[in-house]
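Open the model in your viewer and keep the selection tool at hand. This tour tells you what to pick at each stop.

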Amino acid sequence: MELDVAVIGAGPGGYTAAIRAAQLGLRTVCIDDWTASDGQPAPGGTCTNVGCIPSKALLQSSEYFDHAAHGLGEHGIVCAPPTLDLGRMMARKDAVVRQTNDGIRYLFRKNKIEFLAGRATLRLRADAAGTAAGDGAVEIVVEPEGRVLQARNVILATGSSPRPLPGIAFDEQRILSNRGALALDAVPPRLGIIGAGVIGLELGSVWRRLGAQVTVLEALPQFLGIADEQIAREALKAFRKQGLDIRLGVQIGAVESGAAGVAVAYRGADGDGTLECDRLVVAIGRVPNSGGWGADAVGLALDARGFVTVDEHCRTNLAGVWAIGDLVRGPMLAHKAEEEGVAVAERIAGKAGHADLARIPSVVYTDPEIAWVGQTEAQLRAAGRAVRVGTFPFSANGRARAAGNAVGLVKMLADESTDEILGVHILGAGASELIAEGVTAMAFGASSEDIARICHAHPTRSEALREAALAVDRRALNF
Ligand code: FAD
Ligand code: NAI
């Protein structure tokens with residue numbers, strides 16, 4: 001057989017798996033069908049093209065704009081209100097995306113991975129038809145050329161797509177998914193968002209900062225239920241203070257879209273209402289891309305929600321076929337996909353690759369940022385774990401005060417008897433970077449006492465982590 005590994009999908013899961021496989025000396029191809037608006041292949045998947053990278057570019061640009069408009073006066077910097085060149089902001093975002101696509105193509109070349117731009121479909125090899133798909137029984141057809149590949153191992157990394165509201169298709173003009181919401185050519189005066197999840201909050205923040213009046217309709221009565229309750233409560237306060245109109249416990253009814261805009265009928269806690277907006281972003285979760293490439297033809301097992309069924313090592317029910325990233329269970333995060341990609345490549349090479357799903361950090365890149373790893377206080381208490389809780393507010397942190405952004409807190413949860421850290425939750429500027437210390441600590445099985453005894457530079461926001469660790473033992477020094 002000519003190939004050791006064929007990877008389908010060049011998102012963060014697929015391209016990382018391909019690189020690791022090639023590093024380990026395996027003959028590897030990676031196939032991806034994403035094309036840029038100019039028709040050129042654009043490896044990098046959702047993350048690079050319409051996800052992590054463009055959203056962070058716009059979050060950064062819009063944060064600068066917001067600071068220039070509202071945040072500099074208190075530092076004694078008086079400037080005329082800034083004007084927005086949205087075309088330039090979008091062109092910069094597109095350039096960052098293109099640079100990332102090019103970087104991935106460079107990495108393919110560097111690692112001698114053959115990159116095939118096209119759409120892959122699975123089928124059973126003619127000589128294997130009628131048998132349970134064994135090692136190498138699945139082959140891949142790559143369109144448009146129709147090239148047929150046989151590989152000892154196939155890694156499925158086809159990712160996910162935005163979930164539409166039932167019966168309401170994305171037109172990317174008025175009813176927008178993440179794709180359209182990252183590419184608007186004008187700031188909509190009134191932007192409606194359905195879903196106060198990660199995309200709703202991040203992209204809602206971008207457009208609010210740039211001048212839109214943003215209303216977010218969320219089905220659940222609880223705000224950001226995946227985060228620690230205390231952190232979510234404080235975050236909600238901060239977002240509402242900024243002007244995000246977040247309405248919880250809302251049931252969406254009819255959605256009418258026309259030349260004048262979009263009208264969303266809904267039932268809320270205070271009765272029925274209609275949200276009139278110029279554009280509507282629907283961000284109610286994502287669905288795995290498990291259809292249309294032959295999963296059923298080869299007998300690949302899917303779960304009830306369409307995710308490819310895998311064991312803890314990302315093995316599917318077919319020998320030699322693996323699946324990773326958004327296509328399988330677990331959080332839909334780029335770094336989770338990467339972890340699985342590396343682990344699978346290592347397993348294929350006979351090593352003990354492993355992705356630790358219990359210690360995958362989560363980050364919401366709003367201002368303040370929200371980041372956590374491990375379990376929430378409510379999850380631990382529901383599981384009957386006795387925990388000690390230490391919190392420390394950024395208002396008592398010298399660096400945060402000096403910077404003029406002291407919103408938020410660090411919360412650390414530790415086992416009552418062993419003191420092992422079970423969760424770290426951060427709300428505040430820089431939380432996305434600070435959480436790495438929590439992840440490292442948990443990966444090494446650290447106790448709160450370990451963190452409390454480690455010297456942290458002064459003045460830094462990281463001191464708040466140490467203070468939260470001290471607070472677990474009721475001996476915070478600065479609060
Ligand atoms: P994908 O990135 O979806 O890549 C799959 C690739 O496979 C695509 O290029 C697809 O076109 C291709 N493909 C599918 N079928 C075929 C086929 N049959 N043949 C050939 N190619 C095929 N995660 C984070 O961790 N941090 C963030 O900040 C973050 N921000 C996000 C912001 C937004 C707006 C969105 C939508 C998502 C964000 N995510 C973020 C989530 C992240 O993008 C995904 O978790 C990640 O991209 C999943 O990686 P993947 O490799 O599994 O799949
Ligand atoms: P999400 O799962 O984060 O949030 C969806 C929200 O929509 C939930 O709060 C849910 O209760 C709500 N909802 C569902 N159906 C609804 C309905 N009919 N009416 C009103 N509200 C409804 O999903 P989202 O924001 O679409 O993002 C998809 C995924 O992409 C995330 O789960 C995350 O894994 C990933 N992502 C990660 C980012 C990051 O790491 N910073 C950034 C953006 C996306």
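The stops below cover two ligands, a helix and two single residues of a predicted model.

**Stop 1: ligand 1**

Select ligand 1 and show its surroundings. The shell holds 37 residues. Asp32, Asp33, Thr46, Lys56 and Asp326 come nearest.

Now look for the backbone contacts. A backbone N or O atom of Gly13 sits 2.9 Å from an oxygen atom of ligand 1. A polar backbone atom of Ala120 is 2.9 Å from a nitrogen atom of the ligand. At Met332, a polar backbone atom lies 3.2 Å from an oxygen atom of ligand 1. How much of ligand 1 does the protein bury? On its own, ligand 1 exposes 1000 Å², and the protein buries 94% of that.

Colour the shell by residue type. You get 16 nonpolar, 15 polar and six charged residues. Then switch to the cartoon view. Several elements supply at least two residues each, among them helix 1 (12-23), strand 2 (28-32) and helix 8 (334-348). Which helix gives the most? Helix 2 does, with four residues; select 45-50 to see this helix.

**Stop 2: ligand 2**

Move on to ligand 2. Here 22 residues form the surroundings. The closest are Glu202, Glu218, Gly285, Met332 and Val363.

Zoom in on three of the contacts. A polar side-chain atom of Glu202 lies 2.8 Å from a nitrogen atom of ligand 2. A backbone N or O atom of Ile199 is 2.9 Å from an oxygen atom of the ligand. Gly285 also brings a backbone N or O atom to 2.8 Å from an oxygen atom of ligand 2. Alone, ligand 2 has 840 Å² of accessible area, and the protein covers 75% of it.

Colour this shell by type too. It divides into 14 nonpolar, three polar and five charged residues.

Next, colour the domains. Domain 1 is 3-161 + 287-358, and domain 2 is 175-284. Why does ligand 2 lie between them? Both domains give residues to its shell.

**Stop 3: helix 6**

Select residues 198-209. This is helix 6, which gives the most to the shell around ligand 2, with three residues.

Check its length. At 1.5 Å a residue, its 12 residues should span 16 Å. The end C-alpha atoms are 17 Å apart, which agrees.

Now turn on the surface. Is helix 6 largely enclosed or open? Of its 12 residues, 10 are buried, so the rest of the structure largely encloses this helix. The buried ones include Leu201, Glu202, Trp207 and Arg208. After the helix comes Gly211, with a positive phi near 120°.

**Stop 4: Asp4**

Go to Asp4, in strand 1 (residues 3-8). Is Asp4 buried or exposed? Its relative accessibility is 12%, so Asp4 counts as buried.

Show the side chain and draw two distances. One runs to the backbone nitrogen of Arg27, at 2.8 Å. The other is a polar contact of 3.3 Å with the side chain of Arg152.

**Stop 5: Leu477**

Finish at Leu477, in the segment after helix 13 (463-472). With 64% relative accessibility, Leu477 counts as exposed. Add Phe394 to the selection. These two residues are 83 residues apart along the chain, and their C-alpha atoms are separated by 13 Å.

How values were computed
Residues are numbered from 1 along each chain as its sequence is written. Chains are lettered from A and ligands numbered from 1 in the order in which they are written. This is a predicted model: local features need pLDDT of at least 70, side-chain atom pairs count only at pLDDT 80 or more; totals for chains, interfaces and linings use all residues. Side-chain values use heavy atoms; hydrogens and water are left out. A residue is near a molecule or strand if one of its heavy atoms lies within 4 Å of it. A polar contact is a pair of N or O atoms within 3.5 Å; within protein, one must be able to donate a hydrogen and the other to accept it, and residues adjacent in sequence count only if both atoms are side-chain atoms. Accessible areas come from the Shrake-Rupley method with a 1.4 Å probe; for residues, only the protein chains shown count as cover. Ala, Val, Leu, Ile, Met, Phe, Trp, Tyr, Cys and Pro count as nonpolar, Asp, Glu, Lys and Arg as charged, and the others, Gly among them, as polar. Domain bounds come from an automatic or database domain assignment. The expected span of a helix is 1.5 Å times one less than its number of residues. Buried means under 20% relative accessible area, exposed over 50%, partly exposed in between (1.4 Å probe, protein chains only).
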